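User: I am new to this structure and would like to learn how to read it. Please take me through the ligand site and the backbone.

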Amino acid sequence: MTVKDQQNWNQRYLAGEFGFREPDPFVMEAHENYLQPLLREGLAPDARSGLDLAGGAGHHAVWLVQQGWRMVLADWSEAALAIAREKAAALPANNTLETVQGAALDVLTRFQEQERRFGFVLVSFFLDRAVLPLLPRVLASGGLLLYRTYTVDNERLGNPRGPRNPEYLLRSQELLEVYRDMKILHYNETVANKGVAELIAQRIGS
Ligand SMILES: C[S@@+](CC[C@H](N)C(=O)[O-])C[C@H]1O[C@@H](n2cnc3c(N)ncnc32)[C@H](O)[C@@H]1O
């Protein structure tokens, strides 16, 4: 990923390419089935927060704030974060969205150094392989990783959307391999007309 990629993303957001969007059903279902129970179980106060990494203009993060989570939205596009802050400004005062601008790897490295932990981390349609091993390290014990992005099968299955560069495409079962030390709660590779892997995994141990 280069500075040019970052500028491209900024331009796409400034051009209004990503207007108001509902959260993906994956996120809403994951919230109902896995995140809400976690909140009900009484997470430690510092774990009642979530990180939406490369979360763009915040269509998930703002919704998750509305569901009762303190959210950190991180993205390298300042234009995307500005849109998210605008949306969050309409929320009641005690609903907090923190925005962090920076490359995902830098943001995670910093959080890890600060020993900052989250009840869950969401990564939706973003892949930087250097980031993958760092994700469990910013999860509180028992915290959840929600990951969803395109796989190498996407183009073959006829989906016109999504990247073509294999650097940004998961291999089949790749998330299962990378997160083999976590408890896998849900895994699916959609094969109808798009290649998308989705994983929900829980950090075990302290
Ligand atoms: C396809 S969008 C997905 C946005 C959001 N997660 C969603 O599901 O709608 C990819 C996002 O990743 C961000 N991005 C790409 N590379 C990044 C990097 N290395 N560090 C941080 N953000 C990055 C882009 O700015 C963009 O907002």
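**The ligand and its surroundings**

Analyst: The ligand sits in the largest pocket. A pocket is an open set of points on a 1 Å grid over the protein atoms alone, where a 1.4 Å probe fits, with protein on both sides within 12 Å along at least five of seven lines; a molecule sits in one if more than half of its atoms lie within 2 Å of its grid points. This is a predicted model, in which local features need pLDDT of at least 70, side-chain atom pairs count only at pLDDT 80 or more, and totals for chains, interfaces and linings use all residues. Residues are numbered from 1 along each chain as its sequence is written, and side-chain values use heavy atoms, with hydrogens and water left out.

User: Which residues come nearest to the ligand?

Analyst: Being near takes a heavy atom within 4 Å. Of the 18 residues around the ligand, Tyr13, Ala54, His59, Asp75 and Ser124 come nearest.

User: Which atom of the ligand does a backbone N or O atom of Ala54 lie 2.8 Å from?

Analyst: A polar contact is a pair of N or O atoms within 3.5 Å. For Ala54, the partner is a nitrogen atom of the ligand. A polar backbone atom of Ala104 is also 2.8 Å from a ligand nitrogen.

**The backbone**

User: What is notable about phi of Ala54?

Analyst: Most residues other than glycine have a negative phi. Phi of Ala54 is near 55°, a positive value. Gln173 also has a positive phi, near 70°.

Note on methods:
Polar contact = N/O pair within 3.5 Å; in protein donor to acceptor, adjacent residues only side chain to side chain. 1 Å grid on protein atoms, 1.4 Å probe; cavity = no way out; pocket = protein on both sides within 12 Å on 5 of 7 lines; lining within 4 Å.
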